[in-house]
Structure formats: C-alpha cells, structure tokens
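I opened the notebook to record what I looked up around one bound ligand, between two domains, and along the backbone.

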Amino acid sequence: MAALEGACRDIAMHAKAGCVLVEKSTVPCKTGQLIKDIMEAHRPGVVFPVLSNPEFLSEGTAIRDLMQPDRVVIGCESTISGHRAAAALANLYAAWVPRSRIAPIGIWSSELCKLAANAMLAQRISSINSISAICERTDADVGEIAKSIGLDPRIGPKFLKAGLGFGGSCFRKDIASLTYLAESLGLPEVAAYWQQVLTMNDFQRDRFARHVIATLNNSLRGKKVAILGYAFKKNTGDARESPALDVIRILLEEGPKSITIYDPLCSEADIKRELSVLERDYAVSMPDGPIEVVSDPYTACANSNAVLILTDWDMFKNGKPLTQSSKPVTIAETYDGATPTDVLHLTPRVERATINKPPTPPRTPKLSPLAPELNTRLLPEPPCPADCIVCRSSSSAGMSVETDTTTPIDWAHISKTVREPRWVFDGRGVLDARAMVGMGFRLETLGRASMY
Ligand SMILES: NC(=O)c1ccc[n+]([C@@H]2O[C@H](COP(=O)([O-])OP(=O)(O)OC[C@H]3O[C@@H](n4cnc5c(N)ncnc54)[C@H](O)[C@@H]3O)[C@@H](O)[C@H]2O)c1
Ligand SMILES: O=c1ccn([C@@H]2O[C@H](COP(=O)(O)OP(=O)(O)O[C@H]3O[C@H](CO)[C@@H](O)[C@H](O)[C@H]3O)[C@@H](O)[C@H]2O)c(=O)[nH]1
C-alpha cells in the first residue's frame, strides 16, 4: 500500500483536474476508496474519477485474451463524473471489443468480481481434485467423471481437470485476499469456506508426493527421480508458484540420490531461483544437493527409478502423434506477434528483434481506426526488460525461440533407459494408461485406481 500511496501522490502532484485513474491490478475490495482518499488529501476538492477495470488474461494466452476478451468489466462510482469516466474507457475498448462484451458495473462489485472469478475457478479445481481422491479408493476414474458432469450445461466442461492442483501467481494470492476480506468483515464461516479450497490444493500435492515415496518402498535413498515439467501449467515458462516446488520439497525429505528436472520452457535460472527457498532446510542444487536441471527429457529419465509428470505439456502425452493440422506450438508462436497497437491500426514503432517471424496481420476483423488525438498519446513501446522471457529464450542454453513444445516424447525409448520396474507417476492425467502399460511401464495416475 505504501507503493500505491506513493504512486497516487505523484499523480496528484502532476495530473490535470478530472484525470481518470484506472485500477488494472487485482486489488483488495475498496482500494478505489483508498485511492480517492489519497487524491483528496493531496488535491482537496479536485475530482479524479477512479475506475476499476480488472484484468482477466491468462498466462500463455495473454495477447489473445486482450484482443478477444469474453468480457471487459468497468466499475465506476454512481456519480456523473464516474459514469462519464466509465463511458470514456468503454469507448477506448470499443475500438476492438464488441459493446455487448463491455460490462459497466459498480466499482466495489468490479473489484470483488475479479477475486470472485478466480476463487470460483480455483474452487472447481479443488472440487474435482477432492473427487479424484475418492476415485483412487473406489476404482472410479476422475477423467470419466469430469467428462460426464461437464456435459451438464449448468456445470460445463472447463476447469475440471484433476491433477496436482492450481499453481501460478494469481489463484492462491487472490483466495488469500478473499479469505482475509471475509475475516476482516466478521465472516469466519465464509473465510473458512474459501480457505478449504487452498487446503484441498495442498492436500493434492502432498498425497501425490507421499504416494511416490510409499510406492518406492518408503525410501528414496540411492534413487533417482526424474521430473518432467516444472511450469505451473503448459504453454508458459513461468516457474512461480508451481506445484512442482511442493512435490520436490516432500521428496527431498527422503534424501534422494538425484532429482533431474526437465521443462521445455522454464529456464534453469528460474527453476533454481524458485527452488532456492528450500535451501533453508536442504542442500538443493548439484554439486552439494541432488537437483539438476537438464535440457532434454531423455537425459532426465535415463536410469531413473521413477518418472514424475508435473506439468500438462502436450509433449508428455503418449496419445496419437500430432497430425499435420495440429502443428507444434513454438514459443515464438505462443506470442502471436500482434500487439494492442496493431489492433488499433497503429504501426509499432519499436520492432521486437527477437521475434523472428513475419508480422502477423491483426486477427480481429472490422476494426475502427483510433481517434487521432489518442494516436498521438500512445508512446513507443519501451525496450524489453533484461529478464524478458522471449529475449531470454533466444539466448539461454536449452531454450530457443524455436523450442518445440508439442512433438510427443518417445516413451518407447524412455522405457528402455529407466530402471525396473519402470515407475511413472502422472500428476496431470496426460498419459494413456493402456499404452504405457503396453510399453512395460507401471503407471500411477492421480484420480485413478492403482493398477498394482
Ligand atoms: N499474471 C497474470 O496472468 C495476471 C492476470 C490478471 C491479473 N493479474 C494481476 O496483475 C497484477 C500484476 O501481476 P503480474 O503477474 O504482472 O505481476 P509481476 O510480479 O509480474 O509484476 C509486478 C510488477 O510490479 C513491480 N512492483 C512490485 N512492487 C512494486 C513497488 N512496491 N513499487 C513499484 N513497482 C513494484 C514489479 O517490479 C513488477 O514489474 C496483480 O495484481 C495480478 O493479480 C495478473
Ligand atoms: O482444469 C484445470 C484448469 C487449470 N488447472 C491449473 O490451474 C492453474 C491456473 O491455470 P489458469 O487459470 O489457466 O492460469 P492463470 O494464467 O493463472 O490464469 C488465472 O489467473 C489469472 C490472474 O488473475 C486470471 O486473469 C485468469 O482468468 C485465471 O484463469 C494452473 O496451475 C493449471 O494447471 C487445473 O489444475 N485444472
């Protein structure tokens, strides 16, 4: 809040009267009031309308989510200046978003709806994960259950994939924020309800890791564990808040000889930085500790006593080979080359030298040109930061702009290099069990009864 206060003070010192302040970040409910109070303290009597315009993009699809949002929420105060400010922001979005998708609502509803949306999505994941634990003890299959309940249009199929639970920088923090809000409003039952979503998420990783240990005769001494996937979800190189960290923490308790990690997009530096929180209790990275990050899945798996799949990368699947039409996605393609300025029919003034592909035409049809006065107010894009993932990926070892993330790995080859009895633990439900068993693996999958 000190940073927010400082930013508001700077704005108050320099902004013209009537300047509209828009909250984009996910904020605690009533932050808009705080902004108004700070502005009033520095510029008494001057109106600065505050809007809430939460961001709903997901990592890996950020540009598409910006270009083709399913909704744009604009929260304003119910005053003339508030409504005018909301209309101005709506006009800006209307350059590329259909009006029917722009939802004007109250500012406090807008702030809270972002937390509520993330909490509801996370709750679905914890709900299906709770069912997955029951499945493992009843011979039911959580994949079949998700498919059948998802056919009910009142439930729908999305966010019902059971596995190691949600990671990423948003869900945990936003549920914690909602829980804190409920507690501070004197609603302990509400706080406990949402807290349980986090508890179930932790339970899922914990029981997965402990099942691995139990299956390997309750000891990892002298054993090698291979980990396929570190990112918190596929199609991103974001290593923050990954379920893998919790799994590795528990494995380290058993003193494995080595843990070898492969991820197609997470950089070694990012993975090691995340793992460094474990250094309080263990020596982590080689040569002092057991963990090594490697640049190909075959090196990771060779001579391992168990292979663990911790990210749902398509390349880890053993299903049908990709057809020509479902061509592999590369990191360059996940960033689709179009920018908001493209959408507004402006020519980006700084080229991204690292994106080595011809410019993509704007994907949204029938775009209105931007009003000339707005055009002059848009500044050139600043250079990428030193740790920009796109730039970094083109330079760091083991990752390149052409990193192919969907060509399936060769499980038949891996079956020849792992140690007997060839344990594979699928934490993301990506593997076809019958095919794996056919190749001589012993497969354990979250949400399915054990076959052994
Ligand atoms: N990452 C997403 O996919 C996503 C999607 C929707 C909404 N959001 C929300 O957007 C906000 C930012 O998320 P993010 O993923 O971009 O986070 P981030 O950690 O990648 O970026 C935060 C930025 O804020 C800067 N910063 C942090 N503390 C600061 C301070 N005291 N003063 C000045 N600058 C400071 C950091 O240097 C960094 O550049 C969060 O509220 C998040 O919930 C994120
Ligand atoms: O059925 C599912 C769906 C997702 N996940 C996991 O849930 C986490 C979050 O996934 P996702 O929501 O796709 O990623 P984020 O990029 O964190 O996006 C979420 O968080 C953003 C930041 O607030 C919001 O803007 C988005 O709407 C919201 O989906 C990941 O670990 C996924 O593996 C599952 O386990 N099962």
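I began with ligand 2, around which I found 21 residues, with Leu 57, Glu 59, Asn 118, Cys 170 and Phe 232 coming nearest; a residue is taken as near if one of its heavy atoms lies within 4 Å. I note that this is a predicted model, in which local features need pLDDT of at least 70 and side-chain atom pairs count only at pLDDT 80 or more, while totals for chains, interfaces and linings use all residues. Residues are numbered from 1 along each chain as its sequence is written, chains are lettered from A and ligands numbered from 1 in the order in which they are written, and side-chain values use heavy atoms, with hydrogens and water left out.

I sorted the shell around ligand 2 by residue type and obtained ten nonpolar, four polar and seven charged residues, where Ala, Val, Leu, Ile, Met, Phe, Trp, Tyr, Cys and Pro count as nonpolar, Asp, Glu, Lys and Arg as charged, and the others, Gly among them, as polar. By element, α5 (107–138) and α7 (171–184) each give at least two residues to this shell, and α5 has the largest share, with four; helices (H or I, at least four residues) and strands (E, at least two) are DSSP runs numbered from the N terminus.

I then looked up polar contacts of ligand 2 (pairs of N or O atoms within 3.5 Å; within protein, one must be able to donate a hydrogen and the other to accept it, and residues adjacent in sequence count only if both atoms are side-chain atoms). An oxygen atom of ligand 2 lies 2.9 Å from a polar backbone atom of Lys 161, and an oxygen atom is 3.0 Å from an N or O atom in the side chain of Lys 233.

Next I turned to the domain assignment, automatic or from a database, which gives domain 1 (2–109), domain 2 (114–209) and domain 3 (216–321 + 406–445). The centres of domain 1 and domain 2, taken over C-alpha atoms, are 29 Å apart, and their contact (heavy atoms within 4.5 Å) takes nine residues from domain 1 and eight from domain 2.

Last, I checked the backbone. The peptide bond from Met 286 to Pro 287 is cis, with omega near 10°, and Pro 287 sits in the loop between α10 (268–275) and β7 (291–294). The bond from Glu 420 to Pro 421 is also cis, with omega near 5°. I noted these because most peptide bonds are trans.
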